[in-house]
Every structure is written in structure tokens, then in C-alpha cells.
Amino acid sequence: MHLTESMRDFILHWGEMGTKWGVNRSVAQIHALLHISPEPMTADEICETLGLARSNVSTGLKELQGWKLIKASRNLGDRRDHFHSIRDMFDLTKAVVEGRREREYAPTLDALRIVAQEAQSDGTSPKVRQRIDETLETMQMFDDWYVDVNRLPRRVQLAIVKLGGRIARLLPKGQGDKSP
């Protein structure tokens, strides 16, 4: 595949964005290429287009499949896998958010529950226990909200997202009040 300047810039930026999220640059670049590619690509085509080693591409493809961001398909008479990204941006965003929740947020909630329990009997000061409890309660509130919204039909989720900014404009401007 021939990359135009804007395609190269997109792939390079996606790679930079990936490193900020803790994803290997070449893995993010592979995903960017598959995301903008109009047709599924083989590993060899990805290697050639991005100038990456075959082993690097194979590892990256496995990681992206583990995140459920890409899928492999086969063509009749062709033994090679052809890879493509999730095409629908809503589904892609949901896959990223859900993957991060499973790998990062949910384990942190589990750890906080254990820490809060331990803090009840290990001599942790009441002020520190209160801070741990507040952290757990707030993180749990956001997770509960996410789970509730995630159960809604897609059309309702989209309406909530589109409504988000308009709701903020309807509410009075804050006077610095941080309480719920």
C-alpha cells in the first residue's frame, strides 16, 4: 500500500499516542495502518508498508487481537491471514475503554477493596483510612456508572454522549463547589 503524507502523519501520530497510553509504538502504528486501510492486509503487507520486522508485526498483531481491536480473516485459496481493524468508531472506542477497564481499572478497584479492608485493622490512621475509602467510593461510583451505561442500547449511549456537552451548558456555572 502506498502511504500518502497524511496517511504517514496519521500512523506516526497514532504511534505517539499509543506510547502515551503505554502501548508499544509499532503496535499502535500497525493498528493505525489497519484502521485506515480500506482492505484487510496480510502481515507481509504490513511489514512492507511500515518497514517493520516480521517478528515485530507478528507480536503486534497478537497483542491487537488480544485487545480485540483487530480480527483476522481468510480468503479462498490463500493460506495467509488478512487483518482488519474494527471499522465502526463507536465499537472501536468501546473496545479500547472496555479493555482498559478490564486490565487497569477493575484490578485497581479490587486492590483498593483489599487495602480498605486491611486498613480497618492494621493501625492505619483514621485520616488515611478516610482517604482510601473516598478513593474507593469515587472510583466505584464511576465504574458503576460505566457498567450501567454500557448495558444501554447503542442508540441510547450515543444520545447520552451527544447530550453530554449540552447538559453542562444548561447547568449553572460552578462557584467552585466540588461536593456532589
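Me: Is Lys68 buried or exposed?

Reply: Let's begin by placing this residue in the predicted model. Lys68 is found in the loop between α4 and β1. A residue counts as exposed when its relative accessible area is over 50%. Lys68 has a relative accessible area of 60%, so the word for Lys68 is exposed.

Me: What is the phi of Lys68 near?

Reply: Stay with the loop between α4 and β1, where Lys68 is found. Lys68 is a residue other than glycine, yet its phi has a positive value, near 65°.

Me: Thanks! Which residue follows α3, and what is its phi near?

Reply: Helix α3 covers residues 43-50. The residue that follows α3 is Gly51, and its phi is positive, near 70°.

Me: Is Cys47 buried or exposed?

Reply: Cys47 lies in helix α3. To count as buried, a residue needs a relative accessible area under 20%. Cys47 has 12% relative accessibility, so Cys47 counts as buried.

Me: Which residues does Cys47 touch, not counting residues up to four places away in sequence?

Reply: A good habit is to find the residue in its helix before listing its neighbours. Cys47 sits in α3. Leaving out residues up to four places away in sequence, the residues it touches are Leu52, Ala53, Arg54 and Val57.

Me: How far apart in space are Cys47 and Arg87?

Reply: In sequence, Cys47 and Arg87 are 40 residues apart. In space, going from C-alpha to C-alpha, the distance between Cys47 and Arg87 is 21 Å.

Me: Which elements do the buried residues of α3 pack against?

Reply: Let's name those residues before looking at their partners. The buried residues of α3 are Ala43, Ile46, Cys47, Thr49 and Leu50. The elements they pack against are α1, α2, α4 and β2 (82-85).

Me: How many residues are in the largest nonpolar core?

Reply: You can start from the residues with the most contacts inside this core, which are Ile30, Leu34, Ile46, Val57 and Leu61. At least two residues of the core come from each of α1 (5-20), α2 (25-36), α3 (43-50), α4 (54-66) and α5 (89-119). The largest share, six residues, comes from α2. The number of residues in the largest nonpolar core is 27.

Me: Which residues does Ile46 touch, not counting residues up to four places away in sequence?

Reply: Ile46 is one of the buried residues of α3, and it is also among the residues with the most contacts inside the largest nonpolar core. With residues up to four places away in sequence left out, Ile46 touches Ile30, Leu33, Leu34, Met41, Gly51, Val57 and Leu61.

Me: How many residues does the other core have?

Reply: This other core lies apart from the largest one. Its members include Ala116, Ala119, Ile132 and Met139, and the number of residues in it is seven.

Me: Is Asp78 buried or exposed?

Reply: Asp78 lies in the loop between β1 (70-73) and β2. The cut-off for buried is under 20% relative accessible area. Asp78 has a relative accessible area of 19%, so Asp78 is buried.

Me: In what order do the elements of the chain run from the N terminus on?

Reply: It helps to know how many elements there are. The chain has seven helices and two strands. From the N terminus on, their order is α-α-α-α-β-β-α-α-α.

Me: What radius of gyration does the chain have?

Reply: Along its principal axes, the C-alpha trace spans about 65 × 45 × 30 Å. For a compact globule of 180 residues, the radius of gyration would be near 16 Å. The chain, however, has a radius of gyration of 22 Å.

Terms used: Residues numbered from 1 in each chain as written. Predicted model: local features only at pLDDT ≥ 70, side-chain atom pairs only at ≥ 80, totals over all residues. Heavy atoms only, no water. Core = buried A, V, L, I, M, F, W, Y, C linked by side-chain atoms within 4.5 Å. Buried < 20%, exposed > 50% of the residue type's maximum accessible area, 1.4 Å probe, protein only. Helix = DSSP H or I, 4+ residues; strand = E, 2+ residues; numbered from the N terminus. Contact = heavy atoms within 4.5 Å. Rg over C-alpha atoms; globule rule 2.2 N^0.38 Å.
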